[in-house]
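Me: Please examine one part of the structure shown below in close detail, and then set that part in the context of the whole. I should like a connected account rather than a list.

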Amino acid sequence: QNVLQMNVINSNYTDPNNLKFEEIKILGVLQEITAVTVSQNNVVENTPLNITYYPLEKVAHITGLQLELGKSYTVKWTQQLSVNERFNCYPSPNPTQEKCEQLGCIWEQVTSNLDIPPCYYSSDNAYSVDKVEYTSSGLAANLTLNSAKTRANANFTTPISTLRLEVKYHLDHMLQFKIYDYQNARYEVPVPLNLPSSPTSTDKERLYEVSVQKKPFGIQVRRKSTGTVIWDSQLPTFTFSDMFIQISTRLASQYIFGFGETDHTMFRRNMSWHTWGMFTRDQPSPYKLNSYGYQPFYMALEEDGNAHGVLLLNSNAMDVTFQPTPALTYRTIGGILDFYMVLGPTPERVVREYTALIGRPVMPPYWSLGFQLCRYGYRNDSEIAQLVEGMKAAGIPYDVQYVDIDHMERQLDFTIGTRFAGLPALINRIKEGGMRFIIILHPTISGNETNYPTFSRGVQDDVFIKWPNTNDIIYSKVWPFLPNVQVNESLPEQTQIQIYGAHAAFPDFFRNSTVGWWKREILEFYNNPTNPSRSIKFDGLWIAMNEPAAFLNGAIGGCRNDLLNMPPYIPHLGYRSDGLTVKTPCMEGQQYLPDGTPVRHYDVHSLYGWSQTKPTLE
């Protein structure tokens, strides 16, 4: 192994041109070659050699050789895993050598750089493919677990024994590859994509080609025009269990856009190890990116300037880790692996193809592009009226005015506080002057009111998220304080919430009944048929706090399912030690898709804002 023996069978010939082998390419090299020795008759030669390793192609190129024809040589090389090639085998907090070796992985700390994982995979992944079924529009195969290679795992992280791989060539520039447990139904993202009813690509026009490595399993996508490998998951990190899925891929370059916030959205050469929780850490909810939604999508620039994009259609909590190889690792705690890749080849075409797949952005109204003014803490409608006049007097461009939750009676949706009794008339005056007005709504509804039609109608229509297998609403604490109480505002905020916070219910916006209820509440607030003078003629709605956010972790009285709220793997979030319920409802909350299919909040948490946005827009 790692030896090239060159034996001369017939040495009677002497080459007059003194021809020599000066370079060798070694194919199928899984790890970087760090040293090469050349010996003749057991004597090591001192010829300086250069070694170049191409990890995507798994090729080592050795130059500087002087191997004369007619002579026998032995070429030996040493392979050593570069620290940049380490795929983290223990991504949870507080790794130890004992925990690492229980997983069958290697423990070796690099004290000079604590970002380099000390516990890493050492061998191929445990899945293999027996037979690949090819068609003109894709391929399919079963993945079988090699039990001899299965590492020690806790409950719910033991790999599933048989999986299904499906690859579909939807369009000449777009393909899908999906890995799932075909023997047991699992949650899949219920968001429709714009896909052709049947694949329309042709082999001649297709921009890509796909190959499957059988043992160990791996899938590779190559750009046909250049031969560039843009996806290569033949790595030891692939695992698929009930509550932990991990897959890694080598990247075609180190130019990546799309994950995380804008100041972290591109990695250049010499990029360091970096884990991006796909979810902001400054939001109340533990896993939401950029406030109210996230899209696990990246665009990559290949070395020659071509671009491609990759979407993972998965709404469970996840993190994505980049490393300098370049490579990335997806880790998610549920659902399936459902990837969509668009081939561009320009960045502009990637964006166009991606938005054609998921839906184009809504065209904003022209007025919304104007100058807008908003803040929390307006004391009454007179303050807003004075503000409007002051802005006009100062000649400051001014097109849209907002109100935050201050305008409500004790922060109750669809109410007007006594200090804002003049708001309906003020909005009408502002609109007469050519301006627009936006009010805020948050999703949670108080259940402690004696006369609050929004809640009572919600109960009647069965719109709120409940505990599983019960008829009991899950209550947390968000904005509304209890009615008829004198709040001691000198107390710390969290203490006020604990003492005075009302029981807040979360609507399940997936349900048809909730959609109808929500639309009716909005229209009634806008029109107020019983008292038109109290109607609020807003021009836009600002829907906030729909991560969904809460002011305590989980529910009043705590959550009930420890496994869902503290799963075996906690993605790399801001509050890993506290689980998934940091400032958000319990993960076991029972929700229902429009067709009546039950789903856990654990699976659709990151779709909550999306599910509220659709009926609000309608």
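Reply: A residue is called buried here when its relative accessible area is under 20%. On that basis, 51% of the 618 residues of the protein chain count as buried. The model is a predicted one. The part examined closely here is strand E13, which comprises residues 174–180.

The setting comes first. The protein chain has 10 helices and 34 strands, and its C-alpha atoms fill a box of roughly 110 × 50 × 50 Å along the principal axes. The chain is divided into domain 1 (3–80), domain 2 (84–120), domain 3 (127–358) and domain 4 (366–617). Taken over C-alpha atoms, the centres of domain 1 and domain 2 are separated by 34 Å. Among contacts between residues at least 6 apart in sequence, 68% join residues at least 24 apart. The accessible surface comes to about 28900 Å², and carbon and sulfur atoms account for 49% of this area.

Strand E13 belongs to an open sheet of eight strands, ordered E10-E11-E12-E13-E25-E22-E21-E19, with antiparallel pairing. The edges are formed by strand E10 (127–135) and strand E19 (255–257); each has a single partner strand, so one side of each is left without a neighbour in the sheet. From one strand to the next, the twist averages 20°. In the order of the sheet, E13 stands between E12 and E25.

On the E12 side, six bridges join strand E12 (residues 162–171) to E13, and the two strands run antiparallel. E12 and E13 form a hairpin with two residues between them. The register of this pair can be read from individual residues: Arg-164 stands opposite Tyr-180 in E13, and Glu-166 stands opposite Lys-178 in E13. On the E25 side, six bridges likewise join E13 to E25, again in antiparallel fashion. Here Phe-177 stands opposite Phe-339 in E25.

How enclosed is E13 by the rest of the structure? Seven of the seven residues of E13 are buried, so the strand is largely enclosed. This burial concerns both faces of E13. One side carries Met-174, Gln-176, Lys-178 and Tyr-180, the other Leu-175, Phe-177 and Ile-179, and all of these residues are buried. Two of the residues named in the register thus return here: Lys-178, which faces Glu-166 across the hairpin pair, is on one side of E13, while Phe-177 is on the other.

A helix also lies over this region. Helix H2 (residues 347–358) lies across E13, strand E21 (297–301), strand E22 (307–312) and strand E25 (337–342), and runs at about 25° to E22. The loop between E21 and E22 contains Asn-306. With a relative accessible area of 17%, Asn-306 is buried, since this value is under 20%. Apart from its neighbours within four places in sequence, Asn-306 is in contact with Arg-223, Thr-226, Ala-300, Leu-301 and Pro-345.

For comparison, one may consider a buried site elsewhere in the chain. Ser-446 is found in strand E29 (residues 445–446) and is buried, with a relative accessible area of 1%. The C-alpha atom of Ser-446 is separated by 47 Å from that of Ser-161, 285 residues apart along the chain. Setting aside residues up to four places away in sequence, Ser-446 touches Leu-412, Tyr-452, Phe-455, Pro-480, Ala-502 and His-503.

One of these contacts, Phe-455, is itself buried, as are Thr-454 and Gly-458, in helix H5 (residues 453–461). Seen down the axis of H5, the buried residues fall within an arc of 95°, so they line one face of the helix. They pack against E29, strand E30 (475–476), strand E31 (504–505) and H7. H5 is followed by Asp-462, whose phi is positive, near 55°.

Helix H7 (512–527) appears again around helix H10, where it is among the elements that cover the buried residues, together with strand E32 (540–543) and helix H9 (601–604). The buried residues of H10 (residues 608–617) are Tyr-608, Gly-609, Ser-611, Gln-612, Pro-615 and Thr-616. They cover an arc of only 165° around the axis, which puts them on the same side of H10.

In summary, the burial of E13 takes in both of its faces, whereas the buried residues of H5 line one face of the helix.

Technical notes
Residues numbered from 1 in each chain as written. Predicted model: local features only at pLDDT ≥ 70, side-chain atom pairs only at ≥ 80, totals over all residues. Heavy atoms only, no water. Buried < 20%, exposed > 50% of the residue type's maximum accessible area, 1.4 Å probe, protein only. Helix = DSSP H or I, 4+ residues; strand = E, 2+ residues; numbered from the N terminus. Arc of directions from axis to C-beta. Contact = heavy atoms within 4.5 Å. Pairing = 2+ DSSP bridges. Axes fitted to C-alpha atoms, helices over the stretch in contact; angles between N-to-C directions. Domains from an automatic or database assignment. Areas by Shrake-Rupley, 256 points an atom, 1.4 Å probe, with all protein chains shown as cover.
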